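Open the model in your viewer and keep the selection tool at hand. Each stop below says what to select and what is there.

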Amino acid sequence: MISLTPGKLWGMRRMADDKGLFKMTAVDQRPPIKGPIAKHHGTSEAPWEEVARFKTLLVETLQDASTAMLLDPHYAIPMGLDRFSPTKGLIVTLEDSLFTETEGGRLSAEIDDWSVGKIKRMGGDAVKVLAWYRPDASPEVNQAQQDFTKRIGEACAKHDIPFLFELLVYPLAADAHQTKDYIEMEGKKADDVLKSVEEFAKPDYGVDVFKLESPVNANDADGSDAVQAIFDEMGRLAGRPWVMLSAGANKDAFRKVLEHAYKAGASGYLAGRAIWLDAFQHYPDWAAIEADLRGASCDYMDDLNTLTDANAHNWAKHPVFGPDGARFQPVDASFRHTYSEA
């Protein structure tokens, strides 16, 4: 059974609605936005103002339908934070989008000059970290990824802020379908996803919420009992509140993924490209982008939120918190002790 300290409990509540459901929008993507913009301009690096402008527009148009938004320190926070409603939960990403590719697998790192403590001090409600992970990567790489995650988890415990942890499988050097893009891996194996979740569900990592990819390719989420059994197992292994990421899936495919996830106990979503990628295709026509965001993207979020309201599970009622659910108990000495040390 998991107990939450006051800061973690408050941050979790800030990310969810009053029914304990997460309807969260990701604006922290960097390569999927920077790449197309740089290509349009014929430059090696996308103009900072253009990337930040798009992210700010996402904040302005999508926050009303969101319970929380995930922003990055490079672009979304510098230009978009003053447009961000204080009534919404603020999640800040800590991992650098530039990872190290080795023969044995990928290595993650924090953004330079950012830390869990800095996110807490700026008023963040949660810290999000993505770790690329393959159970069959080299032992050295897997150990490094595990140590990286433990370090973040320990810092989140020290600063009393929720740790929202994202896992993504990826192609190893010997695999087909090589890509460094932030997209769902073609030919991914459900066992790789499930074993990854099983590893990081261990208490050593201090994960409070999992942000998980579909254990099967999104287009294979067909409503069948066989696929549902895989989602059910993922939810069982997570052993704590969890939400689904979209990983570049299209709107229809991601909705079907959510149907499976909610049957398996998920508490909502934290999605980006499924919501706003179609609108981004209009770049550099800013008027068309904004019209599509305020139209089709918001309509899609309304549909996802209706689905979530009907089928998702209140995070605070997750069995891991015991029969009384997640709540602050000021008379509990363990809460007072933990909070005083944070």
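**Stop 1: the pocket.** This is a predicted model. Select Ile2, Ser3, Lys8, Gly206 and Asp208: of the 15 residues that line the second largest pocket, these lie nearest its centre. The pocket holds about 280 Å³ of space. Which kinds of residue make up its lining? Seven are nonpolar, five polar and three charged.

**Stop 2: the aromatic cluster.** Next, select Tyr133, Phe163, Phe165, Phe200, Tyr205 and Phe210. These residues form one aromatic cluster. Across the whole structure there are 15 aromatic pairs. One of them joins Phe163 and Phe165, with 5.6 Å between the ring centres and 55° between the planes. How is this pair classed, given that angle? The pair of Phe163 and Phe165 is tilted, because 55° falls between the cut-offs of 30 degrees for stacked and 60 for edge-to-face.

Are these two rings buried or exposed? Phe163 has a relative accessible area of 0% and is buried. Phe165 is also buried, again at 0%.

Keep Phe163 selected and add Ile152. Ile152 sits in helix α6, residues 139-159. Ile152 and Phe163 are eleven residues apart in sequence, and their C-alpha atoms are 7.9 Å apart in space. Ile152 has a relative accessible area of 3%, so it counts as buried.

**Stop 3: charges over rings.** Select Arg106 and Trp132. Arg106 lies over the face of Trp132, 4.4 Å from the ring centre. Now add Glu101. Its side chain meets that of Arg106 in a salt bridge, with 3.2 Å from N to O. Arg106 thus has two partners here, Trp132 and Glu101. Arg106 is buried, at a relative accessible area of 1%. Glu101 has 35% relative accessibility, so it counts as partly exposed.

Move to Lys118 and Trp114. Lys118 lies over the face of Trp114, at 4.3 Å from the ring centre.

**Stop 4: salt bridges.** A search of the whole structure finds 25 salt bridges. Start with Arg30 and Glu95. Their closest N and O atoms are 3.3 Å apart, and the two form a salt bridge. Which parts of the chain does this pair link? Arg30 is in the loop between β1 (22-26) and α2 (31-41). Glu95 is in the loop between β3 (89-93) and β4 (100-102). The two are 65 residues apart, so the pair counts as a link between distant parts of the chain. Both Arg30 and Glu95 are buried.

Now widen the selection to Asp28, Arg30, Glu95, Lys128, Glu166 and Lys211. Salt bridges link these residues in a network.

Then select Glu45 and Lys34. Their side chains form a salt bridge at 3.2 Å, N to O. Glu45 is in the loop between α2 and α3 (48-62), Lys34 is in helix α2, and eleven residues separate them along the chain. Are the two ends buried or partly exposed? Glu45 counts as partly exposed, because its relative accessibility is 45%. Lys34 counts as buried, because its value is 18%, and the cut-off for buried is under 20%.

**Stop 5: backbone.** Most residues other than glycine have a negative phi, and most peptide bonds are trans. Select Asp113. Its phi is near 70°, a positive value in a residue that is not glycine. Asp113 is in the loop between β5 (105-107) and α5 (116-121). With a relative accessible area of 70%, Asp113 is exposed.

Select Ala247. Here phi is positive too, at about 50°, and again the residue is not a glycine. Ala247 belongs to the loop between β9 (242-244) and α9 (251-263). At 13% relative accessibility, Ala247 counts as buried.

Go on to Tyr283 and Pro284. The peptide bond from Tyr283 to Pro284 is cis, with omega near 10°. Pro284 lies in the loop between α10 (273-280) and α11 (286-311).

**Last stop: a long span.** Select His74 and Trp286. How many residues apart are they along the chain? The answer is 212, with 21 Å between their C-alpha atoms. His74 is in the loop between β2 (68-71) and α4 (76-80). At 31% relative accessibility, His74 counts as partly exposed.

Note on methods:
Residues are numbered from 1 along each chain as its sequence is written. This is a predicted model: local features need pLDDT of at least 70, side-chain atom pairs count only at pLDDT 80 or more; totals for chains, interfaces and linings use all residues. Side-chain values use heavy atoms; hydrogens and water are left out. Rings of Phe, Tyr and Trp (its six-membered ring) pair if their centres lie within 6.5 Å; planes under 30 degrees apart count as stacked, over 60 as edge-to-face and the rest as tilted. Buried means under 20% relative accessible area, exposed over 50%, partly exposed in between (1.4 Å probe, protein chains only). A charge sits over a ring if NZ of Lys or CZ of Arg is within 6 Å of the ring centre and within 35 degrees of the ring normal. On a 1 Å grid over the protein atoms alone, a cavity is a set of points where a 1.4 Å probe fits but cannot get out, and a pocket is an open set with protein on both sides within 12 Å along at least five of seven lines; lining residues have an atom within 4 Å of a point. Grid points are joined across faces, edges and corners, and a volume is the space filled by probe spheres set on the points. Ala, Val, Leu, Ile, Met, Phe, Trp, Tyr, Cys and Pro count as nonpolar, Asp, Glu, Lys and Arg as charged, and the others, Gly among them, as polar. A salt bridge is a side-chain nitrogen of Lys or Arg within 4 Å of a carboxyl oxygen of Asp or Glu. Helices (H or I, at least four residues) and strands (E, at least two) are DSSP runs, numbered from the N terminus.
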